[in-house]
Amino acid sequence: MSPRARAAVAVAAALLVVLGSAAPAAAATPYTVPPVAGTLKTYNISSVYVAGVSSGGYMATQLHVAYSGRIKGAAVFAAGPYYCAQYNASRALYACGDNLWSTQLSSLESYTSLWSGYGWIDPPSQLSGDPVYVFHGNNDTTVKKSVTDDLVSYYQHFGASVSYNSGSSAGHAWVTPYGTGGCTATASPYLNDCGTDPQNAMFAKLYGSVGARNTGPLTGSLIRFDQNTFAVNGFANGLSMGGSGFAYVPSSCAAGQSCRLLVALHGCAQGYDAVGTAFVDRANLNQYADTNQTVVLYPQATASAVNPYGCWDWWGYLGYTNYPIKGGLQLETIMNMIRRLDG
């Protein structure tokens, strides 16, 4: 195994600590729609937002910061500040998951300003006023609270409007009313039921107001599309991304109404190749999309030699230093999907 692969195993394993908490007695079962093969189309998209958990949370922030002129807000569960790992697997482990090392927050803020001057990312002034929802559970020992605190401080430094939910007893997971894991668990599929609905607060923060979610049959379609079409190298697996991605399109959006776009990024070992459509079906996003005119894009990472747990590249495991800026391989592949959807 190469040094890079060993580093990837160590980082991903650290993000997958299993605490072994019991699942709820009976997880709520959401209405779902089966995926149908198709292609991404262009819709009447008014604005774009990103959300993610764990490695997907780090990727969400990378997208938001690099393209703050286009992406108007972010929701981040269980992750830390932009460029926290600084292309260093040890930093990813000891500063951005554990807090044995400092995140070097002031340096991350300085890099952001410097890179904007080079044109590598959009001006951070465009983060000012952007809505940001941040979630951290008190039983999350995978990404320590101080690391997520620094994410909040990072966004506030650049003037974003941040709502921080740090009072939950959740483990390291995406918390959803349709979770199959107990609230304090850190265990596959990393979808925890805490008896709460963070997505309501998330959408209210991002959009300013939110309609009640659809608890009945969904109205839209779940499109399964070929990610190779959007991969910057034409081969998604070569970027540690799956062959298929998904997009939930409500009937109102398909009919041409003005809709928002939410890019939803799973965490390590939470993609389609690991847990099927568990995140797509149970993240409680399609239910809100139906009643809040939102297309939800679900890009998919997958396991590879340098990424055995199917994480998103937030520390440079693909071997390129540009992973968090414009031109980053996974970042640009996702942006290609966004460009197709919003025209």
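**Close-up A. A nonpolar patch on the surface of a predicted model.** Y94, L100 and W101 together make a nonpolar surface patch of about 320 Å². Such a patch joins nonpolar side chains (Val, Leu, Ile, Met, Phe, Trp, Tyr) within 5 Å, or like charges within 9 Å, taking residues with over 30% relative accessible area and no salt bridge. Accessible areas come from the Shrake-Rupley method with a 1.4 Å probe, and for residues only the protein chains shown count as cover. Y94 belongs to helix α3, residues 89–94; helices (H or I, at least four residues) and strands (E, at least two) are DSSP runs numbered from the N terminus. With a relative accessibility of 35%, Y94 counts as partly exposed, a class lying between buried (under 20% relative accessible area) and exposed (over 50%), with a 1.4 Å probe and protein chains only.

A note for reading all the views: this is a predicted model, in which local features need pLDDT of at least 70 and side-chain atom pairs count only at pLDDT 80 or more, while totals for chains, interfaces and linings use all residues. Residues are numbered from 1 along each chain as its sequence is written, and side-chain values use heavy atoms, leaving out hydrogens and water.

**Close-up B. Helix α4 and its buried side.** Here you can follow the 14 residues of α4, from 105 to 118. From first C-alpha to last, α4 reaches 20 Å, close to the 20 Å expected at 1.5 Å a residue; the expected span is 1.5 Å times one less than the number of residues. Buried in α4 are L105, L108, E109, T112, W115 and S116. They sit on the same side of α4 because they cover an arc of only 130° around the axis, the arc being that of the directions from the helix axis to the C-beta atoms. Their packing partners are α2 (55–66) and α5 (145–157). Look to the face turned away from the buried side for the exposed residues S106 and G117. Just after α4 comes G119, with a positive phi of about 80°.

**Close-up C. Q86 and its contacts.** Q86 is found in the loop between β3 (71–77) and α3. Its relative accessible area is 15%, so Q86 is buried. Neighbours within four places in sequence aside, Q86 is in contact (heavy atoms within 4.5 Å) with R91, T103, Q104, L108, Y111 and Y323. You may recognise L108 as one of the buried residues of α4.

**Close-up D. The salt bridge of R70 and D342.** The structure holds six salt bridges, each a side-chain nitrogen of Lys or Arg within 4 Å of a carboxyl oxygen of Asp or Glu. In this one, the side chains of R70 and D342 meet at 2.8 Å, N to O. The pair links distant parts of the chain, 272 residues apart: R70 is in the loop between α2 and β3, and D342 is in helix α11 (residues 329–342). R70 is partly exposed at 30% relative accessibility, whereas D342 is buried at 19%.

**Close-up E. The salt bridge of K144 and D98.** The closest N and O atoms of K144 and D98 are 2.8 Å apart. This pair also links distant parts of the chain, with K144 in the loop between β4 (131–137) and α5, and D98, 46 residues apart from K144, in the loop between α3 and α4. K144 has a relative accessible area of 23% and is partly exposed; D98 is partly exposed, with 23%.
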